[in-house]
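Work through the exercises below with the sequence and the coordinates open. Each task is followed by a solution in steps.

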Amino acid sequence: MGADTSAGGLTQVLWGGLTVGCLYAVLLLGVLIVFQVSKSINFAYGQVGMVAALGGWYLASAAGLPIWSALIIGAAAAVLVNSAIDFVAIRRIPEGRPGLDLVVTLGLFLLLTAVMQQLVDANSHTFASLGSDTSTVVGGVVVSVNDVFVIALTLVLVTVAHLLLTRTSLGTSLRASAEDATIASAAGVNVLRLRTGVWAVAGLLAAVVGYLVASRLSVDAFYMTPILVKVFIAGMIGGLDRFLAPLLVAVLLGVYEAGAAFLLGASAGTPAVFLLIIVALAVMPRRFMNERSEVRA
Amino acid sequence: MSTRSRTGAPSVALGATADPRLKRSRLPRLLLVVVIAALPPLFFDDYWLFLVAQVAAFAVATLGLDILYGRTGQMSLAHASFMGVGAYTGHLLAGLNQGVAVQLLGVLVVSVLAGLVVALPTLRLSGMRLALVTLAFGELLAWVLINTTDLTGGTQGTSVDPVVIGPLDSSVPMQAYLMALVPASIATLIVLHLGRTQMGRRMLIVRDSETAARSVGVAVARTKVISFLVSAVFAGVAGWLYAAVAGFISPPDFNLFASVYLLVAVIVGGAGSAVGAWLGAAYIVLMPQAFSLVGQPNLYPLVGGALLAVVALLVPDGIVGLSRRLAGRFRRAEDRPNHPDRPNHPDRPDRSTSGGDR
């Protein structure tokens, strides 16, 4: 993705990979904070972004709403859907049923896809460009407004999240409830409210990434799945209970994918990523790969 | 039937396989199965017979996924992709004018190899990592298919020559049904027997608690890898069989959604039960037909998604567990089961650790 060998040299390709990697990182940020508060993986997470983007497209194109209000409604829908996933499903998973989060959210993944296909349609649509058609040349590399926005957004979000986690009492509460929800709650942390807030913020992140990916490619009911797969892969290699390492892996994964596509042909991204995980998992020491708090099967 | 394992080790160790069903005579059950198997050819027309043959093919896949998910507790999001591996391997070998035996051998070998690539690096880690790598494997297969259009037909799919064994031709619905029944029966027998073997019990304890499994000396990683390989082979054979029966294969048959539907089948039918796997296979094949009949084909994925979430949360043992619980309510008055646990879902297997001997 983002790799266009005809457009220019390696720098152009790597720039494209960097911006895509940043989008992976922002979505992964949502996965990480949710994993912190609920120790669960939400497989329907990519589809939350899809609901926002496909819904937003429908409101803007078919219902004729101004694009900004369509985007705001879409983002609100994403926040609602993501919070509902937690309320309706994840919180009801009984203790001692490891792996059930993945099964249940797979069902929701299927459900959200089917519902959006029913409500809108199954075709691909051109999304609002969000600055991806306005570009300038910097040092031989074509840089679009969208690119700059993506990179700035990633830097800001990661910095803010890092500061929140390490420098504020909110971050302390969050890390405490990630460590042990019962003890945190006994120490006066409102674990449930924290959790609700985190799932809502994660929904917003999914919507933003959904919009940005849609503006670069196109929007349909399936376009977020390959993105989510790579985000999960980055999280898996970097470790879901860490912070900067997985985000860095996400960015590098985008660059790696683009580089592989540049060197080996436009379609080499997928096998290159597969090779990477197999090698990464085989080579990495087990101690590094095991999450401390991972209790699932 | 004794509940002792093949190797003669006492079965109390894992406490999970003391299936009360085994204590009753098997003859009535066997007769029931034969009668059910004889019904479709007697009453169904060619179209439905063709669908039932597909059910048998899918049953091999759901039985395989049941070994992995229902019994070992590992997740695969690429089981339809493993079906695809089998289907396309068989198709390619048939294109090289190889006979049925070579096709089957090829399917087995390639399935094991594909399974090894996915399972070996991941299974010493966690189940979630396996799930994510299988996800990537599905993408890889889709990529291979799209980029080898001259061999596999690419996104357009390809028609598959029927498998002919002696007088049987898989393009004739009646004969396809008979041919599909053979591997499906073998797969069912293997799964039924598995519960009584050491390996089957190791799988159960790995599912329930890896810590407990390790503490009684079960090689957790090896058990997981074997389970994954068996299940990949089942899926490969199922895909080959499906291709022969359906006569046409294309990438959407084997994508992520197809894999999720397989999981829906196993969970809705009842994880950890052979009957559940058959019910699931019937669900996968017949449900889309049923929705088409009432003019709502788009409802199938919607209902599938809702079912998966609801059943996984509220009815952990699926249809089989539900009916067993209802039956248990009737029976409880007359005979107290000597095993309080449901056969396939023991509680925390503490007693297995205290049992000590493996």
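## Exercise 1: a residue at the contact of two chains

Outside the neighbours within four places in sequence, Ile278(A) is in contact with Val117(B) and Pro121(B). The model is a predicted one.

**Task.** State which helix holds Ile278(A), and decide whether Ile278(A) counts as buried, partly exposed or exposed.

**Solution.**
1. Locate the residue: Ile278(A) lies in helix α11 of chain A, which covers residues 269-283.
2. Count the neighbours: Ile278(A) has 19 C-beta neighbours inside 10 Å.
3. Apply the cut-off: a residue is buried with 20 or more other C-beta atoms within 10 Å, and exposed with 12 or fewer. Ile278(A) therefore counts as partly exposed.
4. Add a distance within the chain: 34 Å separates the C-alpha atoms of Ile278(A) and Ser83(A), and the two residues are 195 apart along the chain.

## Exercise 2: the side of chain B that touches chain A

**Task.** Find how many residues each chain brings to the contact, and which helix of chain B gives the most.

**Solution.**
1. Chain A contributes 40 residues to the contact and chain B contributes 37 residues.
2. On the side of chain B, at least two residues come from each of α4 (100-123), α5 (127-146), α11 (256-269) and α13 (299-314).
3. The helix that gives the most is α5(B), with 12 residues.
4. Sorted by class, this side of chain B has 24 nonpolar, 9 polar and 4 charged residues.

## Exercise 3: two helix pairs in chain B

**Task.** Classify the packing of α2(B) with α12(B) as roughly parallel or oblique, then do likewise for α11(B) with α14(B).

**Solution.**
1. Start with the chain: chain B has 15 helices and 4 strands. Of its 358 residues, 50% are buried.
2. Take the angle and distance: helix α2 (residues 46-71) of chain B packs on helix α12 (residues 274-293) of chain B at about 135°, and the axes are 8 Å apart.
3. Angles under 35 degrees count as roughly parallel and those over 145 as roughly antiparallel, while 65 to 115 is roughly perpendicular. The angle of this pair therefore makes α2(B) oblique to α12(B).
4. The crossing of α2(B) past α12(B) is right-handed.
5. Among the residues that make this contact are Phe58(B) and Leu63(B) of α2(B), and Trp278(B) and Ile284(B) of α12(B). The contact residues divide into 13 nonpolar, 4 polar and 1 charged.
6. For the second pair, the axes of α11(B) and helix α14 (residues 318-331) of chain B cross at roughly 5° and come within 3 Å. That angle makes α11(B) roughly parallel to α14(B).
7. The residues that meet are Ile267(B), Val268(B) and Gly269(B) in α11(B), and Gly318(B), Ile319(B) and Val320(B) in α14(B). This contact has 4 nonpolar, 2 polar and no charged residues.

## Exercise 4: a hairpin in chain A

**Task.** Determine whether β1(A) and β2(A) pair in the parallel or the antiparallel sense, and identify the residue of the hairpin with a positive phi.

**Solution.**
1. The pairing of strand β1 (residues 135-138) of chain A with strand β2 (residues 141-144) of chain A is antiparallel, over 4 bridges.
2. Check the register: Ser135(A) is opposite Ser144(A) in β2(A), and Val138(A) is opposite Val141(A) in β2(A).
3. The hairpin leaves 2 residues between the strands, and Gly139(A) takes a positive phi near 60°.

Conventions:
Residues are numbered from 1 along each chain as its sequence is written. Chains are lettered from A and ligands numbered from 1 in the order in which they are written. This is a predicted model: local features need pLDDT of at least 70, side-chain atom pairs count only at pLDDT 80 or more; totals for chains, interfaces and linings use all residues. Two strands pair if DSSP finds at least two bridges between them. Two residues are in contact if their C-beta atoms, placed from the backbone, lie within 7 Å. Ala, Val, Leu, Ile, Met, Phe, Trp, Tyr, Cys and Pro count as nonpolar, Asp, Glu, Lys and Arg as charged, and the others, Gly among them, as polar. Axes are lines fitted to C-alpha atoms, for helices over the stretch in contact, and angles run from 0 to 180 degrees between N-to-C directions. A crossing is left-handed if the near helix is turned anticlockwise from the far one by less than a right angle, and right-handed if clockwise.
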